[in-house]
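The following exercises are to be worked with the sequence and the coordinates at hand. Each task is followed by a solution in steps.

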Amino acid sequence: MLKFLIKHLFFNNNNKEPTETEKIKLDNCICCELCLSVCPTEAISLFKYSKVICEYCKLCEDICKKKYCESCGYCSLFCPLIYIKNLTPKPKTPVIDKKSCVSCGLCSCEAIDIKNKKIDEDKCNLCLSCVEKCPMLAIKTPEEYVKSLFIKVDYDKCIFCRACEEICPIKNLEKE
């Protein structure tokens with residue numbers, strides 16, 4: 001594992017100047033689990049029922065009929081996990097992760113009950129300033145919340161080696 005870390009930290013940068021660390025994009029994740037196998041710090045976790053669905057579905061194998069994945073992403077067009085993710089209803093307001101929230105008060109707003117770690121949907125105007133102000137990344141936009149139900153990246157464990165980007169079959173994790 002040490003060899004992997006050294007390789008990705010020091011030799012995988014293609015002589016680029018250091019820049020601000022960018023978050024990993026998870027918009028089109030199909031829960032294929034390939035990233036789990038390459039993450040050196042186990043910072044990625046998936047929807048707990050994805051293995052059960054994949055174990056019984058096997059639709060991607062029927063579609064591909066190839067021994068090795070060629071990263072074409074065709075399987076993502078038929079994956080039931082994508083449909084489940086897209087049909088999951090979004091909350092009307094941002095969502096506070098009660099485990100991550102330390103009740104610091106930096107997100108203060110008339111819609112936020114800091115003591116109970118809740119957001120009143122009648123008072124929230126969706127300005128999302130609370131999401132920007134939260135130093136613990138404990139407040140998620142409605143879209144981020146739905147994504148987090150399917151794939152989570154623990155940014156405290158992540159070393160931003162981007163090995164998950166390299167193995168992603170649909171290349172949705174690329175930088176903008």
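The exercises below concern a predicted model of one protein chain.

**Exercise 1. Confidence**

Determine how confident the predictor is along the protein chain, and identify stretches that call for caution.

*Solution.*
Step 1. The mean pLDDT of the protein chain is 80, with 81% of its residues at 70 or more.
Step 2. Residues 14–18 have a pLDDT below 50, and beyond near neighbours in sequence this stretch has one contact in the model.
Step 3. Over residues 172–176 the pLDDT also stays under 50, but here the model has 17 contacts beyond four places in sequence.
Step 4. Where pLDDT is low, predicted coordinates should not be read in detail.

**Exercise 2. Overall organisation**

State how many helices and strands the protein chain has, and describe its burial, contacts and surface.

*Solution.*
Step 1. The secondary structure consists of eight helices and six strands.
Step 2. Read from the N terminus, the order of the elements is α-α-β-α-α-α-β-β-β-α-β-α-β-α.
Step 3. Of the 176 residues in the protein chain, 30% are buried.
Step 4. Among contacts with a separation of 6 or more, 74% join residues 24 or more positions apart.
Step 5. The accessible surface comes to about 12,400 Å², and carbon and sulfur atoms contribute 55% of that area.

**Exercise 3. Helix H7 and the largest pocket**

Identify the buried residues of helix H7 and establish which elements line the largest pocket.

*Solution.*
Step 1. Helix H7 spans residues 142–150, and its buried residues are Pro142, Val146, Ser148 and Phe150.
Step 2. The cover over these buried residues includes strand E1 (44–46), helix H5 (80–87), strand E5 (139–140) and strand E6 (151–153).
Step 3. The largest pocket holds about 1,200 Å³ of space.
Step 4. It is lined by 33 residues, of which Leu137, Lys140, Ser148, Val153 and Tyr155 are the closest to its centre.
Step 5. Two or more lining residues come from each of strand E2 (95–96), H6, E5, H7 and E6. The largest share, five residues, belongs to H7.
Step 6. By type, the lining comprises 15 nonpolar, three polar and 15 charged residues.
Step 7. Ser148 thus appears twice: as a buried residue of H7 and as one of the lining residues closest to the pocket centre.

**Exercise 4. Two residues with positive phi**

Locate Glu42 and Phe160, and decide whether each is buried, partly exposed or exposed.

*Solution.*
Step 1. Most residues other than glycine have a negative phi.
Step 2. Glu42, although not a glycine, has a positive phi of about 55 degrees. Its place is the loop between helix H2 (34–38) and E1.
Step 3. The relative accessible area of Glu42 is 64%, so Glu42 is exposed, the cut-off being over 50%.
Step 4. Phe160 is likewise not a glycine and has a positive phi of about 55 degrees. Phe160 lies in the loop between E6 and helix H8 (163–167).
Step 5. Phe160 has a relative accessibility of 27% and therefore counts as partly exposed.

**Exercise 5. Cysteines and their surroundings**

Classify Cys101 and Cys130 as buried or exposed, and list their contacts beyond four places in sequence.

*Solution.*
Step 1. Cys101 is located in the loop between E2 and strand E3 (112–113). Its relative accessibility is 16%, so Cys101 counts as buried, the cut-off being under 20%.
Step 2. Beyond four places in sequence, Cys101 contacts Ile96, Lys117 and Ala138. Its C-alpha is 8.1 Å from that of Leu137, at a sequence separation of 36 residues.
Step 3. Cys130 belongs to helix H6 and, at 8% relative accessibility, is buried.
Step 4. With residues up to four places away excluded, Cys130 touches Pro94, Cys107, Ile112 and Ile139.

**Exercise 6. Two loop residues**

Place Pro135 and Asp156 in the chain, and give a C-alpha distance for each.

*Solution.*
Step 1. Pro135 is in the loop between helix H6 (129–133) and E5. Outside its neighbours within four places in sequence, Pro135 contacts Cys104 and Leu106.
Step 2. The C-alpha atoms of Pro135 and Cys104 are 9.0 Å apart, while 31 residues separate them in sequence.
Step 3. Asp156 sits in the loop between E6 and H8 and is exposed, with 77% relative accessibility.
Step 4. Asp156 and Ala43 are 113 residues apart in sequence, yet 7.9 Å apart from C-alpha to C-alpha.

Terms used:
Residues numbered from 1 in each chain as written. Predicted model: local features only at pLDDT ≥ 70, side-chain atom pairs only at ≥ 80, totals over all residues. Heavy atoms only, no water. pLDDT = per-residue confidence, 0-100. Contact = heavy atoms within 4.5 Å. Buried < 20%, exposed > 50% of the residue type's maximum accessible area, 1.4 Å probe, protein only. Helix = DSSP H or I, 4+ residues; strand = E, 2+ residues; numbered from the N terminus. 1 Å grid on protein atoms, 1.4 Å probe; cavity = no way out; pocket = protein on both sides within 12 Å on 5 of 7 lines; lining within 4 Å. Points joined across faces, edges and corners; volume = space filled by probe spheres on them. Nonpolar A, V, L, I, M, F, W, Y, C, P; charged D, E, K, R; others polar. Areas by Shrake-Rupley, 256 points an atom, 1.4 Å probe, with all protein chains shown as cover.
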